[in-house]
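This report describes a sheet, one helix and several salt bridges. The sequence and structure come first.

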Amino acid sequence: MELTLQELEQRRAKFTVMMHERCPGWDTAVIFENANQYYFTGTIQNGILLIYKDGSYLYGVRRSYQGAKAESPLSDIMQINSYRDMAEKNGGDLGALYIEGDTLPVVVLERLKKCFKISSINFLDTLIRTVRGVKSPYEIHWLKQSAEQHRLLLEELVPTLLRDGISEADFMGEMIRQLYTMGYHGIPRFHQNQVELTAGQIGFGTNSLLPSAFDGPGGGKGSSPGNPLSGSGGRKLKQGDPVFVDVAFGMHGYYTDKTQVYMFGAEPPVELAAAHSLCLDILRRTAERLRPGEIPSQIYQDIIAGLSEKDRDCFMGVDNQHRVKFLGHGVGINVDEFPVIAKGFDDPLEENMVIALEPKKGVPGIGMAGVEETFIVTPGGGQCITGGGRNIIRVGGQER
């Protein structure tokens, strides 16, 4: 399925309508960040996109202009050496400017100030992530393509890679090789600043309970302090180890998110099996609420309130000191998109939002239990596209 000019025009129109509704008085929006540039242009270049309040645009590309022309359906692409080239074309007055405050480098903003007249500066991060939250049929197509490969990877191929004595680092390398042969587009792209992942989080045994800076419920150990989430070369798989694999998959710029827990060469310990069963139940009950009109913050509040004190112990964290305060998050061009099933997200869900739900629970002394699956918001509840939550998968030794 190819990206069309009509698709890009509809995205830009949706954005300008919401800007008029929520940011009256705006004049220009500047789009610089890779994910947003891809959303509005269909290409990722060393360029900058200006969107004006009348819905028109100016897209200037320093490098590669030829790449942008080849990849983007937009016809009006300008080759530039500096932002002054764009200022000369549009008159140099941006008026009330809205920027990506989370990601626009200060040095770029200072260059814009030197080249353009700017009357005020405001932020559009929340608005633009809200616009991107509802997916078009084109986006749903690529999300479903990613989801099917994702299911095959975690449910069928990963079990063949787990063998006695393999290190976490070697397993990560073999899994990444499988990712690429299946059409994976390369990197996990996050909106959150300073997130650096090879492919995802993995952990053998209690390594999955090691706290990390990553804003997710699972843990892990890297190759060194300089690469804390890539898998340890010193941790080897042995009989009786649970294996935690939380990895994103992406095709044609669109990600799904999925987690699977495995048990190597033994039955899951009773505590791990019970925690996993609880997470499967929470996944089911939360997915039923993924309907248009439901409020994410209310879903979160209701699910958490329904848990017993025992259930809450180490829920959504490797321990009780390292929890995350959400049950799920949007996915799309970024792995971490809107909406988030958490407090503070009070805008109602809309049809064709795509959300990864990830109820997980640390089991002290054993490992991480839980699941993650990607769902489309529909009137009938969440439609799972990544296969559906599964029990712990037994691998190695005699199969059940």
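## The open sheet

In this predicted model, six strands make up an open sheet with mixed pairing, ordered 4-3-2-1-5-6. Strand 4 (77-79) and strand 6 (117-123) are the edge strands; each has a single partner strand, so one side of each lacks a neighbour in the sheet. On average, neighbouring strands of this sheet are turned by 30 degrees against each other, direction ignored.

Strand 3 (residues 57-63) pairs with strand 4 in the parallel sense, over three bridges. Y59 has I77 in strand 4 as its bridge partner. Helix 2 (residues 34-41) packs on the sheet and touches strand 1 (28-31), strand 2 (46-52) and strand 3. The direction of helix 2 makes about 60 degrees with that of strand 2.

## Helix 9

Helix 9 (residues 270-287) has 18 residues and spans 26 Å from its first C-alpha to its last, close to the expected 26 Å. Its buried residues include L272, H276, C279 and T286.

## Salt bridges

The whole structure holds 25 salt bridges. Three of them are listed here.

| Pair | Closest N to O |
|---|---|
| D347 and R22 | 3.9 Å |
| K89 and D76 | 3.7 Å |
| E288 and R284 | 3.2 Å |

D347, in the loop between strand 11 (337-341) and strand 12 (354-357), and R22, in helix 1 (residues 5-22), are 325 residues apart. D347 is partly exposed at 47% relative accessibility, and R22 is partly exposed at 45%. E288 and R284 are also partly exposed, with a relative accessible area of 42% for E288 and 42% for R284.

A network of salt bridges links E148, R151, E155, E156, K258, E373 and R390.

Key:
Residues numbered from 1 in each chain as written. Predicted model: local features only at pLDDT ≥ 70, side-chain atom pairs only at ≥ 80, totals over all residues. Heavy atoms only, no water. Helix = DSSP H or I, 4+ residues; strand = E, 2+ residues; numbered from the N terminus. Expected span 1.5 Å × (residues − 1). Buried < 20%, exposed > 50% of the residue type's maximum accessible area, 1.4 Å probe, protein only. Pairing = 2+ DSSP bridges. Axes fitted to C-alpha atoms, helices over the stretch in contact; angles between N-to-C directions. Contact = heavy atoms within 4.5 Å. Salt bridge = Lys/Arg side-chain N within 4 Å of Asp/Glu carboxyl O.
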